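Reader: I am new to reading structures and would like a slow, close look at a single part, namely how the strands are paired.

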Amino acid sequence: EFEEARKWVANDLVFDKNVDVNLFESTIRILGGLLSTYHLSGDSLFLEKAKDIGNRLMPAFKTPSKIPYSDVNIGRGTAHPPRWTSDSTVAEVTSIQLEFRELSRLTGDEKFQKAVDEVMKHVHTLSGKNDGLVPMFINTNSGQFTHLGVYTMGARADSYYEYLLKQWIQGGKKENELLEDYMRAIEGVKKHLLQRSEPKKLTFVGELAHGHFSAKMDHLVCFLPGTLALGAHNGLAADHMKLAETLIETCYQMYAQVETGLSPEIVHFNLHAQKGHKDVEIKPADRHNLLRPETVESLFYMYRFTGDKKYQDWGWEILQNFNRYTRVPTGGYTSINNVQNPSNPEPRDKMESFFLGETLKYMFLLFSDDIDLINLDKYIFNTEAHPLPIWVPA
């Protein structure tokens, strides 16, 4: 299968196309995937392709502030913000660093690393943070945060925090600004975003909007227990591991308390005990499941670092529910519209690439007891589950 795929990459993967792509998604999926495959196979074809796409993404950084545009035309070499705004998403511009830094290391061309390091240095100095928590948008002209006052660990901010820690690990734990920003952010989470639900008293991560707490938690936030565990494994505060353990329990409950045993895209937690109510409430607009990986990803880290088999058991339960409610008899898996209806979960006929790239890959790793199947002291995963080497292995 790999040979077949290699042949396709060699003969059919052509980037010289007049097409707009999203800088962030193309970096984490395509560039990250090619770099990872190069490392795991040693085949220079993949590095050549990585260099090609890397060069084609560079025009995104030609902005007044050096904060990249969201979209780039990889054939024409032009870039632009989304149709409706000159803002970029904070998570998107701060979650391309692992890949571009690695491309510089492999090619000896420092322009890739310079472009993405500049973004991190700039964000490090920006005002508008709240105890290390960042807003969701940043303007490509002014370089300033916009839409201030809303803080979330979910969509549009999530992987900023993940990449602070992972760049610090990737670079051999030398870049202190990254670590400072990460540690400060986790303190901000503890101070502003943590609450406990009723009746099970689950610790969850909510959102802050203009000083008001909202008990809303995206499934995306379930990356956090794994990231906290990875930090603790790399010598950070032991209470990060404690928090990881309580949060992964919550993420598991986001599956277990639902009729299909699959988590919706977003849940709201009950802060007050009500008779007959679970911890988790689901609004009709949020009850879809896109086969997302974040909980399974965190289960993998938790199992690797604690050896506690319950994390494998939880992953196995989730996998069985994916098989029960999302597997398509003719092949593949599908997103579903309604996790609350086991008799008709309303299949969407759409499978995101991250289901194969992340969800199943983390399942596979979770169920293996071979710690050298991607050793976490030698590799760091990008946010699309593509392993890249740690420059100075622990």
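Author: A good place to begin is Thr89, whose bridge partner in E5 is Phe137. This is a predicted model, in which local features need pLDDT of at least 70 and side-chain atom pairs count only at pLDDT 80 or more, while totals for chains, interfaces and linings use all residues. Residues are numbered from 1 along each chain as its sequence is written, and side-chain values use heavy atoms, with hydrogens and water left out.

Strands (E, at least two residues) are DSSP runs, numbered from the N terminus, and two of them pair if DSSP finds at least two bridges between them. E4 and strand E5 (residues 137–139) are joined by three bridges in the antiparallel sense. They belong to an open sheet of three strands, in the order E4-E5-E6, with antiparallel pairing. Strand E4 (87–89) and strand E6 (145–146) each have a single partner strand and stand at the edges, so one side of each is left without a neighbour in the sheet.

Pairing can also be followed at strand E13 (residues 266–269), from which Ile266 and His268 point one way and Val267 and Phe269 the other, all of them buried (under 20% relative accessible area, 1.4 Å probe, protein chains only). In a regular strand the side chains alternate between the two faces of the sheet. Strand E12 (residues 216–218) runs antiparallel to E13 and is joined to it by three bridges, with Lys216 opposite His268. Two bridges join E13 to strand E14 (residues 280–281), again antiparallel, and there the bridge partner of Phe269 is Val280.

Conventions. Helix = DSSP H or I, 4+ residues; strand = E, 2+ residues; numbered from the N terminus. Buried < 20%, exposed > 50% of the residue type's maximum accessible area, 1.4 Å probe, protein only.
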